[in-house]
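Q: Please take a close look at one part of this model and follow it outwards from a single side chain. Say what the side chain touches, how the part around it is placed, and then how the other local features read.

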Amino acid sequence: MLDIIKTRRSVREFSPKAISKDDLLQLAEAGFMAPTARAQQSAAFVIIDDKKIIADLVTVSPGARVLANAQAVIAVFCPDVNKLLTKEMVMEDLGAVTENILLAATSLKIGSCWIGIAPIAERMVKAEKILNLPKGAFIFSLVALGYPLNPEKAFYVKDKVKPELIYWNQVK
Ligand SMILES: Cc1cc2nc3c(=O)[nH]c(=O)nc-3n(C[C@H](O)[C@H](O)[C@H](O)COP(=O)(O)O)c2cc1C
């Protein structure tokens, strides 16, 4: 598992090979497995494999242009924020959910990239409209998915660890 965490990278160039519906469903299932505040299970998913809808999603933000050659996208959203026990924590919930999808994709050798949507209102409105989300829904992220164009370069360890930012017991 640590290997998956360490070698997960954002992948932005995808091969034309399609991802099976079974694998896409597994990724959504991994999302449901994430921790959520008071176990409120706030997440729902739209799995998008329709190229027309993916092309529309490219317009949601500058960073969404990576979706142009993605084989599929998973939109992470909460169907009705007002029904949550701890709605203040919906962003934390859906962040954990999104990371679970990225890690599950890495474990299946599927490339993935987190496309940030919330809390930027303009992006949220555009994405909610394209995906026909119900009133009260809260879109959090889009995950671009596809087999990497260069599989041997897609998953690798990046040196991000800063020992000087790890403290024991108190910050001195
Ligand atoms: C909240 C958030 C929003 C992000 N939005 C985008 C985005 O819109 N487009 C994109 O290409 N990458 C996006 N990323 C991916 C980051 O650019 C990437 O994680 C970062 O460069 C580190 O690289 P790594 O994922 O390979 O470790 C986002 C990541 C996070 C956590």
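**One side chain and its surroundings**

A: The side chain of Gln-40 comes within 3.2 Å of the backbone nitrogen of Leu-85. The model is predicted. A further contact of the Gln-40 side chain goes to the backbone nitrogen of Thr-86, at 2.9 Å. Gln-40 itself belongs to the loop between α2 and β1. Its relative accessibility is 10%, and because buried means under 20%, Gln-40 counts as buried.

The loop between α2 and β1 also holds Arg-38 and Gln-41. Arg-38 has a positive phi of about 50°, although it is not a glycine. Gln-41, also not a glycine, has a positive phi of about 45°. Arg-38 counts as exposed because its relative accessibility of 58% is over 50%. Gln-41 has a relative accessible area of 43%, so it falls in between and is partly exposed. Along this loop, then, Arg-38 is exposed, Gln-40 is buried and Gln-41 is partly exposed.

The elements on either side of the loop are linked by rings. Two aromatic pairs are present in the structure. One of them is formed by Phe-32 and Phe-45, with 4.9 Å from centre to centre and 85° between the planes. That angle is over 60 degrees, so the pair is edge-to-face. Phe-32 is in helix α2 (residues 21-32) and Phe-45 in strand β1 (residues 44-48), 13 residues apart, and the pair links these distant parts of the chain. Phe-32 has a relative accessible area of 41% and is partly exposed. Phe-45, at 17% relative accessibility, counts as buried because the limit is under 20%.

Away from this loop, another contact joins two side chains. Ser-141 makes a polar contact, side chain to side chain, with Thr-98 at 2.9 Å. Thr-98 has its place in helix α4 (residues 90-107), while Ser-141 is in strand β4 (residues 138-146). Thr-98 is at 0% relative accessibility and is therefore buried. Ser-141 is likewise buried, at 0% relative accessibility. The C-alpha atom of Thr-98 is also separated by 8.8 Å from that of Phe-140, a residue 42 positions apart along the chain.

Two lysines are placed over aromatic rings. Lys-17 lies over the face of Tyr-147, at 4.2 Å from the ring centre. The charged end of Lys-109 sits over the ring of Phe-155, with 5.9 Å to its centre.

A cis peptide bond, with omega of about 10°, joins Ala-118 and Pro-119. Pro-119 is placed in the loop between β3 (111-116) and α5 (121-130).

The ligand is surrounded by residues from several stretches of sequence: Arg-8, Arg-9, Ser-10, Arg-12, Gly-63, Val-66, Cys-113, Trp-114, Ile-115, Gly-116, Lys-158 and Lys-160. By class, this shell divides into four nonpolar, three polar and five charged residues. Arg-12 has a polar side-chain atom 2.8 Å from an oxygen atom of the ligand. Gly-116 brings a backbone N or O atom to 3.1 Å from a nitrogen atom of the ligand. For Lys-158, an N or O atom in the side chain is 3.2 Å from an oxygen atom of the ligand. On its own the ligand has 630 Å² of accessible area, and the protein covers 62% of that.

Arg-9, one of the residues around the ligand, also has a partner that is remote in sequence. Arg-9 and Tyr-156 are 147 residues apart in sequence, while their C-alpha atoms are 7.0 Å apart in space. Tyr-156 lies in the segment after α6 (151-154). Tyr-156 is at 39% relative accessibility, so it counts as partly exposed.

To return to the starting point, the contacts of Gln-40 run from a loop residue to the backbone nitrogens of Leu-85 and Thr-86.

Technical notes
Residues numbered from 1 in each chain as written. Predicted model: local features only at pLDDT ≥ 70, side-chain atom pairs only at ≥ 80, totals over all residues. Heavy atoms only, no water. Phe/Tyr/Trp six-rings, centres within 6.5 Å; stacked < 30°, edge-to-face > 60°. Helix = DSSP H or I, 4+ residues; strand = E, 2+ residues; numbered from the N terminus. Buried < 20%, exposed > 50% of the residue type's maximum accessible area, 1.4 Å probe, protein only. Lys NZ or Arg CZ within 6 Å of the ring centre and 35° of its normal. Near = heavy atom within 4 Å. Polar contact = N/O pair within 3.5 Å; in protein donor to acceptor, adjacent residues only side chain to side chain. Areas by Shrake-Rupley, 256 points an atom, 1.4 Å probe, with all protein chains shown as cover. Nonpolar A, V, L, I, M, F, W, Y, C, P; charged D, E, K, R; others polar.
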